[in-house]
Amino acid sequence: MTPPVRGPVAVLGLGTMGAGLAGRLLDQGMQVRVWNRTPERTAPLAEAGAYAAANPADAVAGTSAALCVVADGQALGAVLHGPGGVLAEGPYPGVLICASTVAPEEVVQIAGEVPAVLDVGMLGNRDHARDGELRLFAGGEQRAFETARPLLETLGKEVVHLGALGSGMRMKLLLNLLMGIEVQALAEATELAEACGLDRQLVLRTIAGSGFASPVMAFKSRRLASGRFEEPDFRLRLMAKDLMLASKQAAAVGLSLPLATAAAETHVRATEQGLGDQDCAAVTRALAPKPETDT
């Protein structure tokens, strides 16, 4: 059996979650090697003791585990197979942990090229990642999971092995499906309230304090109240991508999910309107009534 991960660990992708994970590992005294497509994001972590790699292959050199935390399947493919990619010169001998939200089938495909692969759905935000408070849902072979368990338990307060490879992504997609629908429902209620003459701030406070609001609604109500969608907790275009992936999963098993389909269409439209790099709560701007024009 492969010994448990002790380090060093590579973190590939230093967006909101990747940077938090790398910071958490450094705080726990682990050796960390980091890489990001835009190198300037490595600077704060390098100052904190991480090794800033020139490319993904350099980042994973000598590591026992590699966390891929990139935006989508295309980015994951580039990290693994592109110039200087993790698999450019042969199999990766450690545990490859795909924490990027991609189609489950893409993760299964990777398994043919790497001896030990896990897909891990992460539930939480940047602060949870930084503080080791994530909830982690893993798919993959039991031996790979047991090897990576100490590392995952460093990163999360709850670590669950769901079963076969792809399970982690399926769990993540359904969780993001719920979040996308809930945030859009909150945005729709808020826009309707304001259009009908109710006070926006009062409505949001009422919803957030009611039994109807989930924790994510209460959290996102602050975004909607302020109208500030910069420095996103979760980018709108990533929500659009995940809702589309969930809809495709449903279609593949013959399910009709009208709410998921409608939410996916709204988020895609919002992305096309230029809101993709704002927080997902900016979906509200795709709902606002259009000003009347003289004809």
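Helices and strands are here taken as DSSP runs, helices of at least four residues and strands of at least two, numbered from the N terminus. The model is a predicted one, and the account below follows its elements roughly along the chain before turning to the way in which several helices pack.

We begin with helix α1, which covers residues 16–27. This helix has twelve residues and reaches 17 Å from its first C-alpha to its last, which is close to the 16 Å expected at 1.5 Å a residue. Nine of the twelve residues of α1 are buried, so the helix is largely enclosed by the rest of the structure. The buried residues are M17, G18, G20, L21, A22, G23, R24, L25 and L26. Just after α1 comes G29, whose phi is positive, at about 80 degrees.

Strand β2 is formed by residues 32–35, and R33 is found in this strand. R33 has a relative accessible area of 19%, and because buried means under 20%, R33 counts as buried. The side chain of R33 reaches the backbone oxygen of D58, at a distance of 2.8 Å. If neighbours within four places in sequence are left aside, the residues in contact with R33 are V9, A10, V11, Y51, D58, A59, A61 and T63, so that D58 appears both in this list and as the partner whose backbone oxygen the R33 side chain reaches.

Further along the chain, helix α8 (residues 167–195) offers a useful point of reference, since it packs against α10 and its axis also comes within 10 Å of that of α12. Two packed helices are described by the angle between their axes and the distance between the axes. For α8 and α10 the angle is about 50 degrees and the axes are 10 Å apart, which makes α8 oblique to α10. The contact is made by M179, E182, V183, A185, L186, A187 and T190 on the α8 side, and by V216, M217, K220, S221 and L224 on the α10 side. In this pair, α8 passes α10 in a right-handed crossing.

One of the α8 residues in that contact, E182, also has a polar partner in the loop that leads into α10. The partner is S214, which is found in the loop between α9 (200–208) and α10 (215–226), and the side chains of S214 and E182 make a polar contact at 2.7 Å. With a relative accessible area of 17%, S214 is buried.

Against α12, helix α8 takes another arrangement: the axes of the two helices come within 10 Å and cross at roughly 70 degrees, which makes α8 roughly perpendicular to α12. Here the crossing in which α8 passes α12 is left-handed. From α8, the residues L177, G180, I181 and Q184 meet L259, A260, A262, A263, T266 and H267 of α12.

Between α10 and α11 lies a loop that holds E231. This residue has a positive phi of about 50 degrees although it is not a glycine, and, at 66% relative accessibility, E231 counts as exposed.

The helix that follows this loop, α11, packs with α12 at an angle of about 150 degrees, with the axes 8 Å apart, and the two helices are therefore roughly antiparallel to each other. The crossing in which α11 passes α12 is left-handed. On the α11 side, L236, R237, M239, A240, L243, M244 and S247 take part, and they meet A260, T261, A263, A264, H267, V268, A270, T271 and L275 of α12.

S247, which lies in helix α11 (residues 236–252), shows this packing at the level of a single residue. Not counting residues up to four places away in sequence, S247 touches A260, T261 and A264, and at 19% relative accessibility S247 counts as buried. S247 and D119 are 128 residues apart in sequence, and their C-alpha atoms are 20 Å apart in space.

The walk ends with R285, found in the segment after α12 (258–275). At 38% relative accessibility, R285 counts as partly exposed. Its side chain reaches the backbone oxygen of G227 at 3.2 Å, and, leaving aside neighbours within four places in sequence, R285 is in contact with G227, F229, Q273, L275 and Q278. R285 also stands 8.7 Å from A187, C-alpha to C-alpha, although 98 residues separate the two in sequence, and A187 is one of the α8 residues that contribute to the contact with α10.

Terms used. Residues numbered from 1 in each chain as written. Heavy atoms only, no water. Buried < 20%, exposed > 50% of the residue type's maximum accessible area, 1.4 Å probe, protein only. Polar contact = N/O pair within 3.5 Å; in protein donor to acceptor, adjacent residues only side chain to side chain. Expected span 1.5 Å × (residues − 1). Axes fitted to C-alpha atoms, helices over the stretch in contact; angles between N-to-C directions. Parallel < 35°, antiparallel > 145°, perpendicular 65-115°, else oblique. Left-handed = near helix turned anticlockwise from the far one by under 90°. Contact = heavy atoms within 4.5 Å.
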